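Here is a short, friendly tour for anyone meeting this structure for the first time. Keep the 3D view open as you read, and turn it as each part comes up.

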Amino acid sequence: MGTRANIIPIINKTYCSSSQVVLVVRRRPHATNGGGFVVTDCNQKVIFRVDGCGILGTKDELILRDGDGDGNALLLIRRKGGMAEALSIYKKWKGYTFDYEGSQKLVFSLKEPNSCLVRNNAMKISTEPRESNKDWDFRIKGYFPDRDCTIIDTKGDIVAQVGVKKEVQELMASKDLYHVVVKPGVDQAFVFGVIAILDYIYGESTRC
């Protein structure tokens, strides 16, 4: 018998698969769809949608939705601003889920180095409630705009990987279509919440 995947539900255990999953991201054009992106499985079924400021009309705010109909909001993501951030060496993003009454609950934070040297400084993610003795649980390795980056845990194990299939890369000069491999047991909603932040940081489809 094979070993069972260690389930890591951060947003919802519904989005934790017992096997590896490959999902496809397609960016929506700003002119017709307000930007953001859509995530589908191998059967073209929509799993997630991400709305950025082109749809929401608010900077530094993102919403991850499920694939049902107009999409139920799963995750609200905001960047903490103000004087405290301006003086800090980090910019901080926070992800919140909603309960049945609509109240928000903090589930993860991402620290973005507040520097022009972002490419050379790892972005780190901490989840709530705190599970690790370190001040982070996951970090980003690689460079997202190149569609060559991974999310790794404190042990150095890959939990999700962003890439572009060679045949797609040869056909498309743009980075509008790419795939994400999510390892068994990892919360896919969390992974795409992180990718939504990376998309915004690097001025892609979720930015106005």
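Eight aromatic pairs turn up when the whole structure is searched. This is a predicted model, so treat every value below as computed from it. One of the pairs joins Phe-138 and Phe-190, whose rings are tilted, with 45° between the planes and 5.3 Å from centre to centre. Because Phe-138 sits in strand 9 and Phe-190 in helix 5, this pair ties together parts that lie 52 residues apart in sequence.

**The barrel**

How many strands make up the closed barrel? There are twelve, running in the order 1-2-3-4-5-6-7-8-9-10-11-12 with antiparallel pairing. Averaged over the sheet, neighbouring strands are turned by 20° against each other, direction ignored. Helix 5 packs on this sheet. Its contacts include strand 1 (21-27), strand 7 (104-113) and strand 12 (177-182), and the direction of helix 5 makes about 45° with that of strand 7.

As general background, the strands of a sheet pair through backbone hydrogen bonds, and they can do so in a parallel or an antiparallel way. Some of the pairings here can be followed residue by residue. Strand 4 (residues 61-66) and strand 5 (residues 73-80) are antiparallel partners over five bridges, and Ile-63 has Leu-76 of strand 5 as its bridge partner. Strand 6 and strand 7 also run antiparallel, joined by nine bridges; here Phe-98 is bridged to Gln-104 in strand 7. From strand 7 to strand 8 there are four bridges, again with an antiparallel run, and Phe-108 finds its bridge partner in Thr-127 of strand 8.

For a close look at one spot, try Arg-26, which has its place in strand 1. Which residues does Arg-26 touch, leaving aside its neighbours within four places in sequence? The contacts are Phe-37, Val-38, Asp-176 and Leu-177. For Val-38, twelve residues along the chain from Arg-26, the C-alpha atoms of the two are separated by 5.4 Å.

**Empty spaces**

Rolling a probe the size of a water molecule over the atoms reveals where empty space remains. The table sets out three such spaces, with volumes and the classes of their lining residues.

| Space | Volume | Lining by class |
|---|---|---|
| Largest pocket | about 740 Å³ | 13 nonpolar, five polar, nine charged residues |
| Second largest pocket | about 170 Å³ | five nonpolar, no polar, six charged residues |
| Largest cavity | about 30 Å³ | seven nonpolar, one polar, no charged residues |

The largest pocket has 27 lining residues, and those nearest its centre are Asn-6, Ile-7, Ile-8, Ile-10 and Phe-138. Strand 6, strand 7 and strand 11 are the elements that give two or more residues to this lining. Phe-138 may be familiar by now: this residue also forms the tilted pair with Phe-190.

Around the second largest pocket, the charged residues of the lining number six. The lining residues are Cys-53, Lys-59, Asp-60, Arg-79, Lys-91, Trp-93, Glu-112, Tyr-200, Ile-201, Arg-207 and Cys-208. Strand 6 and helix 5 each supply at least two of these lining residues.

How many cavities of 30 Å³ or more are counted? The count is one. Lining this cavity are Cys-149, Thr-150, Ile-151, Ala-160, Val-162, Val-191, Ile-195 and Leu-198. The elements giving two or more residues to the lining are strand 10 (148-153), strand 11 (158-163) and helix 5 (188-201). No charged residue takes part in this lining.

Helix 5 is a good element to come back to in the viewer. The helix packs on the sheet, carries Phe-190 of the tilted pair, and helps to line both the second largest pocket and the largest cavity.

Key
Residues numbered from 1 in each chain as written. Predicted model: local features only at pLDDT ≥ 70, side-chain atom pairs only at ≥ 80, totals over all residues. Heavy atoms only, no water. 1 Å grid on protein atoms, 1.4 Å probe; cavity = no way out; pocket = protein on both sides within 12 Å on 5 of 7 lines; lining within 4 Å. Points joined across faces, edges and corners; volume = space filled by probe spheres on them. Nonpolar A, V, L, I, M, F, W, Y, C, P; charged D, E, K, R; others polar. Pairing = 2+ DSSP bridges. Axes fitted to C-alpha atoms, helices over the stretch in contact; angles between N-to-C directions. Contact = heavy atoms within 4.5 Å. Phe/Tyr/Trp six-rings, centres within 6.5 Å; stacked < 30°, edge-to-face > 60°.
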